[in-house]
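This briefing covers a few residues, grouped by topic. Please keep the sequence and the structure in view while reading.

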Amino acid sequence: MENHLYQCIYDILLSDIPEPAKLPALQRYKAKIVRLHARRMERVMLDNSAQDKMEDEEPSLFHILKMVKRRETRVIRQIVHMQGNNVSGHRNVLNTFATHLRQKYEPTDIDQTCVTRLQAVIPLTCPTKYADLLEQPITIEDLSPALRSGAKHKTPGIDGFSLEFYIANWDTIKQDILELMNQMFVHKKITPRQKHGIIVCLPKSNGDRTPNGYRPISLLTTEYKLLARIMARRLRHVLKDHLHTSQFCGVPGNSILEAASLVRNAIAYSETSGSPLYVLTLDFQHAFDGISHHHLFQILHRYGISEWFIERLHALYENATASVQINGTFVVYQ
């Protein structure tokens, strides 16, 4: 586009148009070039971290070099296959990541007998106990806190609409978003595009050169995340009735800081009293990735979550797709 605009200027200068008539035409094309450069520099600022920008600062060579360096670190030119051989070439690297992620997130085989025995330990709660809380249509009072609790300055999903867009235009679009949320929630009308994520792989600080050395981040559409956030907030009020008091994550009123304080106090008591103490830390690698969704839905049923609400949760996951983006190129898998 820039080359085209400059060619138009050259054509005007070489044309037989009277000199007084050339000036307005040249000014129009100059203004287009200025706007083109301004948009380009806006993208430069978007691709710089917050600590590299001062308030109302204009883009400079410093920001351009930072952008180039940051993009260079994201380029994956070579990867070590899980079998140990080196893979190079853009298409081969892309296919290696796609295959790795497809295997990583494939459905989990479960032993239904073991699941049944596990569920039998959980007391069965009446499925209508929480219906009034969970099955109500979404209101503006549900939407506003879900919008405010979203993380700022995050890359948007496939539609390109970020959280900041929703916040900046909230007074104009809130009724439309409310209607959209209830179409998705009450009527389960979630389009394939809304359930399509973009997976980008970022290098871990201590990762190796295999696909496991990269952290997959799913970029999802804002309305999809809003609905998931609203449903999660409703579920929290139910889970506090069922989860043990030692559970700190996901329970209203509990904080991970309390867990750290509890461990610290136990260690302090052991040191002062001379009592023996063992501190055991267990970390289930990729825990959520390896849990059967079918098992989770059955657990929710035992907790007294109605089939109506479970069907809405299932609609969020059913036939979801994703595109793996490596070096600006996509490959789609389901």
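In this predicted model, the side chains of Thr-210 and Asp-208 form a polar contact at 2.6 Å. Thr-210 sits in the loop that runs between strand 3 (196-203) and strand 4 (214-219). The points below return to Thr-210 and then turn to Thr-222, Glu-179 and a charged surface patch that includes Lys-32.

**Buried threonines**
- Thr-210 has a relative accessible area of 14% and is therefore buried, since the cut-off for buried is under 20%.
- Thr-222 belongs to helix 10, which covers residues 222-239.
- With a relative accessible area of 5%, Thr-222 is also buried.
- The backbone oxygen of Phe-161 lies 2.8 Å from the side chain of Thr-222.

**An exposed glutamate**
- Glu-179 is part of helix 9 (residues 170-185).
- The relative accessible area of Glu-179 is 52%, so Glu-179 is exposed; the class begins over 50%.
- Glu-179 and Thr-139 are 40 residues apart along the chain, and their C-alpha atoms are 9.3 Å apart.

**A patch of positive charge**
- On the surface, Arg-28, Lys-32, Arg-35, Arg-39 and Arg-43 come together in a patch of positive charge.
- Lys-32, one of the patch residues, is located in helix 2 (residues 19-46).
- Lys-32 is partly exposed, at a relative accessible area of 37%; this value qualifies for a patch because patch residues need over 30%.

Key:
Residues numbered from 1 in each chain as written. Predicted model: local features only at pLDDT ≥ 70, side-chain atom pairs only at ≥ 80, totals over all residues. Heavy atoms only, no water. Patch = residues over 30% accessible without salt bridge, like charges linked within 9 Å, V, L, I, M, F, W, Y side chains within 5 Å. Areas by Shrake-Rupley, 256 points an atom, 1.4 Å probe, with all protein chains shown as cover. Salt bridge = Lys/Arg side-chain N within 4 Å of Asp/Glu carboxyl O. Lys, Arg positive; Asp, Glu negative; His and termini not counted. Charge placed at Lys NZ, Arg CZ, Asp CG, Glu CD. Helix = DSSP H or I, 4+ residues; strand = E, 2+ residues; numbered from the N terminus. Buried < 20%, exposed > 50% of the residue type's maximum accessible area, 1.4 Å probe, protein only. Polar contact = N/O pair within 3.5 Å; in protein donor to acceptor, adjacent residues only side chain to side chain.
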